[in-house]
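Hi,

Here's the structure I promised to pass on. Have a look at it first, and my notes follow underneath.

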Amino acid sequence: MGATATEAAAAGEAASVPGCRLYRPDPHIVVGQRVGVNYYFSCNNRRIRYVKVTLALRRHRGGLPDAVETSYQFDSFQNPAQAGINTTLETPSACQSGKRYHGDITINVSLAGAQSRTSTLRGPSITCVR
């Protein structure tokens, strides 16, 4: 019997994207009191035709988060069936003391046969202490 969506998410598996694994974005404080978030995902599915991954580092602020955000696209030139990212985003300046930060990763995948899947995973929060 397969894992439930909750079990799959806890294990890092993107339940809605066959053959792809997302790992919870891991926040940490880096030199200069900036917040950094590690991101990792990988896909291994011959049916994948296109992958777009969006990584965001957000500060909690009453529903209006500011963000450091970047996107990666894998199409026929970058072998989307074997897509993967292992990178870090950091705030451009020192974090604000007492504010909380977290990372999000969203993956959009187009499969053969005109199927499309999206999965988002939010990481834990970290509080800036200076």
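Before the strands, one term: two strands count as paired if DSSP finds at least two bridges between them. Keep in mind that this is a predicted model.

With that in hand, take β2 (residues 26-30) and β3 (residues 34-43). The two strands run antiparallel, and five bridges join them. One pairing to look up in the viewer is I29, whose bridge partner in β3 is V35. Together β2 and β3 make a hairpin, with three residues between the strands. G32 sits in that turn and has a positive phi of about 85°.

Now the pocket, which is probably more your thing. The largest pocket holds about 160 Å³ of space. Its lining is made up of L57, R59, D66, A67, V68, T91, P92, S93, A94, C95, Q96 and Y101. β4 (48-59) and β5 (67-74) are the elements that give two or more residues to this lining. By residue type, the lining splits into seven nonpolar, three polar and two charged.

Which loop holds S93, one of the lining residues? S93 is in the loop between β6 (84-90) and β7 (100-111). Is S93 buried or exposed? Neither, quite: its relative accessibility is 46%, and because partly exposed covers values between 20% and 50%, S93 counts as partly exposed. There's also a contact in space to check: the C-alpha atoms of S93 and R34 are separated by 5.9 Å, although the two residues are 59 apart along the chain. R34 belongs to β3 (residues 34-43), the strand paired with β2.

Cheers

Notes: Residues are numbered from 1 along each chain as its sequence is written. This is a predicted model: local features need pLDDT of at least 70, side-chain atom pairs count only at pLDDT 80 or more; totals for chains, interfaces and linings use all residues. Side-chain values use heavy atoms; hydrogens and water are left out. On a 1 Å grid over the protein atoms alone, a cavity is a set of points where a 1.4 Å probe fits but cannot get out, and a pocket is an open set with protein on both sides within 12 Å along at least five of seven lines; lining residues have an atom within 4 Å of a point. Grid points are joined across faces, edges and corners, and a volume is the space filled by probe spheres set on the points. Helices (H or I, at least four residues) and strands (E, at least two) are DSSP runs, numbered from the N terminus. Ala, Val, Leu, Ile, Met, Phe, Trp, Tyr, Cys and Pro count as nonpolar, Asp, Glu, Lys and Arg as charged, and the others, Gly among them, as polar. Buried means under 20% relative accessible area, exposed over 50%, partly exposed in between (1.4 Å probe, protein chains only).
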